[in-house]
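Reader: Could you take me through one part of this structure slowly, as you would with a colleague at the screen? I would enjoy a close look at a helix and its surroundings.

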Amino acid sequence: MMVCQVKIRKWALSLFFCLGTLFSASAQDFRFTTNVSSTRVAQDEPFQLQFLLENASNISSFQPPSFNDFEVLQGPSQMQGTSIVNGRRSDYLALIYVLQPKRVGNFTLAGATARVNGENKRSNPVTIEVIKSAHGAASAPSQPPVSQQPFPPRRSSPDDEYTEGILRKGEDVNAKLRKNIFLKVDVDKTNLYEGEQLTATYKLYTRLPTNSSVTRVPAFKGFSAKDIELPNPPQASTERLNGQLFKVFTIRKTLLFPLQSGALELDPVEVDNQVRLVKMVHNNQKRSRDPFEDIFNDPGFKDPFNDPFFDDFFNRPEVSYEDVPYKIQSTPVKITVKPLPADLKPASFNGAVGNFNMTAAIDKTNLSTDDALTLKITVSGQGNVNLMNMPKVDIPNSFEKYDPKVTDNIEKNSNPLSGSRQYEIALMPLEAGDQTIPPVEFSYFDPVAHAYKTIKSEPFNIHVTAGKQNKRDKQDFSVDKNVLIPVHRAPQHWTKDSGYLLGSLWYWILLALPLLALVLGIIYRKRLTYQQNNMALLKHRYANKAALKRLELAARYLKEGKDHAFYEETSRAVWGYLSHKLQIPFADLNKELIQSKLSSRHINGTNTQQLFELLDNCEMALYAPAQSNDKMQGTYQQAVKVISQLEDELKTKQPVV
């Protein structure tokens with residue numbers, strides 16, 4: 001029996017575990033567990049062993065168990081990060097080994113030992129059942145099936161993305177993709193009234209490393225839509241589905257209000273993915289007796305932040321990876337919209353659906369016919385505030401009514417949609433006396449109570465006095481009231497003889513106009529000549545100015561060393577620049593549409609390639625561990641260059657009609 005001696009150099013071990021000081025428990029219990037991808041494996045089948053330290057701080061040493069009965073194919077690979085499950089935050093450090101059994105039998109792997117906060121901690125042991133390989137299975141006795149549940153207890157599995165990302169021999173690629181990456185549409189209801197709010201959330205579920213882009217957004221036909229603002233770039237959360245933990249990205253979250261009754265459908269969303277799969281490559285060369293020697297001599301190990309996946313996994317000769325394109329779309333969702341009840345519908349109902357309050361008030365009760373009063377009506381609550389019409393107001397003929405001023409105050413990202421709409425109506429009295437404005441009446445439909453509700457204000461009593469400029473609605477056309485004014489034949493007092501032309505001010509002004517026009521023409525000509533001679537310099541200067549203005553906040557994060565904030569702001573600056581320059585709504589931005597817009601202006605080649613490389617680098621860096629300052633500096637300079645070059649070309653090249 002060959003014994004695999006595990007020897008780890010002290011200097012490498014110190015470097016490997018100094019990262020543990022970055023983790024601290026956020027009001028959670030410390031856990032140190034041993035997990036295995038399968039408890040029943042064939043003799044020639046590799047499997048994965050993971051030691052998971054959750055909420056650990058100040059890790060000073062680590063000692064794995066003895067692997068006497070197993071050959072170490074890979075490891076230790078290190079992963080670190082934060083997992084949020086059901087709202088509970090957990091920081092983790094995972095050490096991963098890929099092992100292969102040497103012989104058939106039942107073997108127990110003792111737990112690993114780690115020194116955490118000055119105390120020695122040990123993980124739980126695991127038992128592995130090793131059976132004969134497939135070609136020798138005929139002579140093996142029948143074995144009862146053992147439940148193969150990867151990584152019990154499945155509270156958090158930070159390495160799921162990587163274990164699922166390994167493409168094993170004979171495994172169907174399409175089946176793997178369908179199982180581990182898909183879209184889902186969550187709606188809070190599928191049967192509702194016309195005008196009632198419906199919340200639709202489009203989510204991307206994945207257990208594979210993927211680079212995704214939305215290529216088609218849903219068209220909400222028959223609905224009024226209001227999007228909830230989401231983080232850009234999207235932030236991942238975790239969600240358990242059918243007993244498996246998925247990374248979840250919210251693509252779009254929209255508040256929908258049906259504008260008609262009947263059977264409606266929410267269109268699907270389409271996403272293009274580039275999924276990275278890992279393949280095991282068989283190496284017939286004899287392995288080193290010290291399986292860790294190659295890892296610690298690997299230059300990539302010295303800087304574990306160079307790779308967003310396993311620190312050394314993709315640089316090993318035993319594995320290779322392949323990027324597989326995979327297009328997916330969500331399933332259309334059927335929505336049944338019921339019409340509002342026609343019976344008992346109040347005359348003052350104007351389409352409001354939800355739960356509302358209404359107030360009405362006037363700013364004065366005593367005024368003259370020279371003044372005006374303001375009637376303010378405020379409707380607030382939850383529902384289709386953005387579609388609401390003005391409540392019914394019966395204004396007497398003794399007042400002149402002006403168009404209302406409408407002011408909205410809708411709470412940002414509220415769900416259900418909440419806020420208020422205020423109407424200000426200016427009223428001018430036409431005659432003196434005691435006047436009365438009838439009560440303001442507002443009706444809405446409550447979908448919870450399935451009934452109409454009406455709110456009324458008190459009537460408004462107003463005392464109007466005669467003003468100095470009292471408007472006469474009734475003219476007196478009695479005798480002598482419509483006699484024409486007599487014609488005056490003599491010159492009037494305002495008649496004045498004209499003076500000489502030379503003494504007129506207008507003479508000198510008209511005389512100076514040609515000279516002034518000549519001076520302005522010379523100045524304009526010189527300015528135009530300067531611009532033509534220095535057009536390239538001016539364009540480049542303005543382009544750099546636009547780029548630096550966009551990236552001003554990113555430069556500050558670069559100086560402060562905040563890598564995640566830097567890449568997020570750089571990505572937002574580039575996407576915002578493209579949205580502004582190409583006149584594309586921010587929610588509709590995608591690479592295909594940008595490529596089409598740039599192509600219409602004959603902008604292709606190196607500039608477009610550098611733009612997409614910059615966006616890909618920023619997106620990858622957001623999900624990778626911390627980046628070096630030199631790499632961030634290079635990204636910043638690349639962003640300034642890309643925006644400057646696009647600014648130059650967009651000013652000179654017009655879109656093709």
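Author: Happily; here is a walk around helix H11 and its surroundings, with a short look at a sheet at the end. This is a predicted model, in which local features need pLDDT of at least 70 and side-chain atom pairs count only at pLDDT 80 or more, while totals for chains, interfaces and linings use all residues. Residues are numbered from 1 along each chain as its sequence is written, and side-chain values use heavy atoms, with hydrogens and water left out.

For orientation, the protein has twelve helices and 32 strands; these are DSSP runs numbered from the N terminus, helices being H or I with at least four residues and strands E with at least two. Of its 657 residues, 41% are buried, where buried means under 20% relative accessible area with a 1.4 Å probe, counting protein chains only.

Helix H11 covers residues 606–622, and Leu-614 lies in it. Leu-614 is buried, its relative accessible area being 0%. Beyond its neighbours within four places in sequence, Leu-614 is in contact with Val-574, Thr-635, Gln-638, Ala-639 and Val-642; contact here means heavy atoms within 4.5 Å. One of these, Gln-638, is 24 residues away along the chain, and its C-alpha atom is 7.2 Å from that of Leu-614.

Now to the helix packed against H11. Two packed helices are described by the angle between their axes and the distance between the axes. For H10 (residues 591–600) and H11, the angle is about 160 degrees and the axes are 11 Å apart; axes are lines fitted to C-alpha atoms over the stretch in contact, and angles run from 0 to 180 degrees between N-to-C directions. The two helices are therefore roughly antiparallel, a label for angles over 145 degrees. On the H10 side, Lys-591, Ile-594, Gln-595 and Leu-598 take part, meeting Thr-608, Leu-611, Phe-612 and Asp-616 of H11.

Lastly, the sheet: three strands form an open sheet in the order S4-S8-S9, paired antiparallel, where pairing requires that DSSP finds at least two bridges between two strands. Strands S4 (59–63) and S9 (119–122) are at the edges with a single partner strand each, so one side of each has no neighbour in the sheet. Neighbouring strands here are turned by 20 degrees against each other on average, direction ignored. Strand S8 (residues 113–116) pairs with S9 over four bridges, and Thr-113 has Arg-122 in S9 as its bridge partner.

Methods. Buried means under 20% relative accessible area, exposed over 50%, partly exposed in between (1.4 Å probe, protein chains only). Angles under 35 degrees count as roughly parallel, over 145 as roughly antiparallel, 65 to 115 as roughly perpendicular and the rest as oblique.
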